[in-house]
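Hi everyone, thanks for coming along. I'd like to walk you through a structure today, so please have the sequence and the 3D view open in front of you.

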Amino acid sequence: MTPEGKVVALIKKRVKEAGGEVRKCAWENCRGAPDLLVMLPGIHAWIEAKTETGKLGPHQTREHTRMTTAGCKVYVVFGEDQAQALVSHLISVSRSGVEEQYA
C-alpha cells in the first residue's frame, strides 16, 4: 500500500467504525477534486489525503476553492496524524448535533 493509501485507509476505517460512509470519487473532465466524500450524520465533507510531505498542485487548490465557494466543506490532511485528528473532530461534531462547529 502506498503512503497516501495508508492515509485513505485510516480515514475509511475510522469513519466506518463511527457508523459513517466514505466514497472514493472519480471525476470526469475535472482535475483537482478531493479524493474522498465522508458522510456522517449532519456532516458531509470532502477530504484530500496527502502524505506528510505531499503538496497540493495548483489545479487542486483551484478546484478546492471553487468547491468551498459553492458551500462545500473541503479539508486537506497531510499524513495519518492529521487524518486521525480531522476524522475524530468530524465524528465528535456529528455526535454533538451542532453542524456549524465543523467549519
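**A walk through the sheet and its helices**

Let's begin with a pair of strands: β1 and β2 run antiparallel and are joined by 4 bridges. If you want a spot to look at, find Val 22, which stands opposite Val 38 in β2. Before I go further, please keep in mind that this is a predicted model.

Now stay with the strands for a moment. As general background, strands of a sheet pair through backbone hydrogen bonds, either parallel or antiparallel. Which of these do we have here? The pairing in our sheet is mixed: it is an open sheet of 4 strands, in the order β1-β2-β3-β4. The edges are β1, residues 21–24, and β4, each of which pairs on one side only. On average, neighbouring strands of this sheet are turned by 25° against each other, ignoring direction.

Moving along the sheet, we come to β2, residues 36–40, and β3. These two strands run antiparallel, with 5 bridges between them. One place to click is Leu 36, whose bridge partner in β3 is Ile 47. The hairpin that β2 and β3 form has 2 residues between the strands, and Gly 42 takes a positive phi there, near 80°.

On to the next pair, where the direction changes. β3 and β4, residues 73–78, pair in the parallel sense, over 6 bridges. Here you can look for Lys 50, which has Phe 78 in β4 as its bridge partner. How does the chain get from β3 to β4? The path goes through helix α2, residues 58–69, and this β-α-β crossover is right-handed.

Let me say a little about β3 itself. How much of this strand, residues 43–50, is covered? Most of β3 is: 7 of its 8 residues are buried. A residue I'd like you to find in β3 is Glu 48. Is Glu 48 buried or exposed? Glu 48 has a relative accessibility of 2%, so Glu 48 counts as buried. What surrounds this side of the picture? Leaving out residues up to four places away in sequence, Glu 48 touches Ala 33, Pro 34 and Asp 35, then Leu 56, Gln 60 and His 64, and finally Tyr 75, Val 76 and Val 77.

That last name takes us across to β4, where Val 77 sits. Val 77 is buried as well, because its relative accessible area is 3%, under the 20% cut-off. Which residues does Val 77 meet, neighbours within four places in sequence aside? From β3 and around it come Ile 47, Glu 48, Ala 49 and Lys 50, and the contacts of Val 77 also include Val 7, Ile 11, Gln 82, Ala 83 and Leu 86.

Now for the helices. α3 packs on the sheet and touches β2, β3 and β4, with its direction at about 145° to that of β4. Two residues in α3 make a nice pair to look at. The first I'd pick is Gln 82, in helix α3. At 39% relative accessibility, Gln 82 counts as partly exposed. Its contacts, apart from neighbours within four places in sequence, are Val 76 and Val 77. The C-alpha atoms of Gln 82 and Lys 50 are separated by 9.8 Å, although these residues are 32 apart along the chain.

The other is Ser 94, which also lies in α3. Ser 94 counts as buried, at 14% relative accessibility. Setting aside neighbours within four places in sequence, Ser 94 is in contact with Leu 40, Pro 41 and Ile 43.

α3 has a helix partner too. α1, residues 3–17, and α3, residues 80–96, pack with their axes 9 Å apart, at an angle of about 20°. The two helices are therefore roughly parallel to each other, and α1 passes α3 in a right-handed crossing. On the α1 side the meeting residues are Lys 6, Val 7, Leu 10, Ile 11, Arg 14 and Val 15; on the α3 side they are Glu 80, Ala 83, Gln 84, Val 87, Ser 88 and Ile 91.

One last stop, out in a loop. Most residues other than glycine have a negative phi. Asn 29 is not a glycine, yet it has a positive phi of about 55°. You'll find Asn 29 in the loop between β1 and β2, and it is exposed, with a relative accessible area of 85%.

That's my tour, and I'm happy to go back to any stop.

Definitions and conventions
Residues are numbered from 1 along each chain as its sequence is written. This is a predicted model: local features need pLDDT of at least 70, side-chain atom pairs count only at pLDDT 80 or more; totals for chains, interfaces and linings use all residues. Side-chain values use heavy atoms; hydrogens and water are left out. Buried means under 20% relative accessible area, exposed over 50%, partly exposed in between (1.4 Å probe, protein chains only). Two strands pair if DSSP finds at least two bridges between them. A crossover is right-handed if, with the strands pointing away from the viewer, the path from the first strand over the helix to the second runs clockwise. Axes are lines fitted to C-alpha atoms, for helices over the stretch in contact, and angles run from 0 to 180 degrees between N-to-C directions. Angles under 35 degrees count as roughly parallel, over 145 as roughly antiparallel, 65 to 115 as roughly perpendicular and the rest as oblique. A crossing is left-handed if the near helix is turned anticlockwise from the far one by less than a right angle, and right-handed if clockwise. Contact means heavy atoms within 4.5 Å.
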